[in-house]
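Trainee: I should like to work through this structure by question and answer. May we begin once the sequence and the coordinates are in view?

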Amino acid sequence: MESRAGDRSPWNWLLFVPIVVPLVTLLFNQDTPRLFGFPVFYWLQLAFVLLGVASTTLVYQMTKRRG
């Protein structure tokens, strides 16, 4: 079995951002501001999903092997 020690990139630390940010309840423990009538909790959950997609895409692009 081949060792994967070469896969350790500092870019991988960026994957902790979409895990830690939703755990900060002070961000969405309120009713305002509203976006299209939706309380902050609902539209911020969608923003967390977009943050996860963006950070995963960035880490993938920066760590993929070329050639």
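The exchange below concerns a predicted model.

Trainee: How many helices and strands are there in the chain?

Mentor: This is a predicted model, so the assignment describes computed coordinates. One helix, α1, covers residues 17–20 and contains I19. The other, α2, covers residues 40–63. The count for the chain is two helices and zero strands.

Trainee: What percentage of the residues count as buried?

Mentor: A residue is buried when its relative accessible area is under 20%. The chain has 67 residues. Its accessible surface comes to about 5,800 Å², with 67% of that area belonging to carbon and sulfur atoms. The buried share of the residues is 15%.

Trainee: Is S55 buried or exposed?

Mentor: S55 lies in helix α2. Leaving aside residues up to four places away in sequence, S55 touches L14, L15 and P18. Its relative accessible area is 6%, and the cut-off for burial is under 20%, so S55 is buried.

Trainee: What is the area of the nonpolar surface patch that includes I19?

Mentor: I19 has its place in helix α1. The patch that includes I19 is also made by W13, F16, V20, L23, V24, L26 and L27. Its area is about 880 Å².

Trainee: Which geometry does the pair of F41 and Y42 have?

Mentor: A search of the whole structure finds four aromatic pairs. In the pair of F41 and Y42, the ring centres are 5.5 Å apart and the planes stand at 80 degrees. Planes over 60 degrees apart meet the criterion, so this pair is edge-to-face.

Trainee: Which of F41 and Y42 counts as exposed, and which as partly exposed?

Mentor: Exposed means over 50% relative accessible area. F41 has a relative accessible area of 35% and is partly exposed. The value for Y42 is 54%, so the residue that counts as exposed is Y42.

Trainee: Which residues form the aromatic cluster?

Mentor: F41 and Y42, the edge-to-face pair, both belong to the cluster. The full membership is F28, F41, Y42 and F48.

Trainee: Which residues does the cis peptide bond join?

Mentor: The loop between α1 and α2 holds P33. The omega angle of the bond is about 5 degrees. The residues joined are T32 and P33.

Trainee: What is the phi of F36?

Mentor: F36 is also found in the loop between α1 and α2. With a relative accessible area of 78%, F36 is exposed. F36 is not a glycine, yet its phi is positive, at about 55 degrees.

Technical notes. Residues are numbered from 1 along each chain as its sequence is written. This is a predicted model: local features need pLDDT of at least 70, side-chain atom pairs count only at pLDDT 80 or more; totals for chains, interfaces and linings use all residues. Side-chain values use heavy atoms; hydrogens and water are left out. Helices (H or I, at least four residues) and strands (E, at least two) are DSSP runs, numbered from the N terminus. Buried means under 20% relative accessible area, exposed over 50%, partly exposed in between (1.4 Å probe, protein chains only). Accessible areas come from the Shrake-Rupley method with a 1.4 Å probe; for residues, only the protein chains shown count as cover. Patches are made of residues with over 30% relative accessible area and no salt bridge: like charges are joined within 9 Å, nonpolar side chains (Val, Leu, Ile, Met, Phe, Trp, Tyr) within 5 Å. A salt bridge is a side-chain nitrogen of Lys or Arg within 4 Å of a carboxyl oxygen of Asp or Glu. Rings of Phe, Tyr and Trp (its six-membered ring) pair if their centres lie within 6.5 Å; planes under 30 degrees apart count as stacked, over 60 as edge-to-face and the rest as tilted. Contact means heavy atoms within 4.5 Å.
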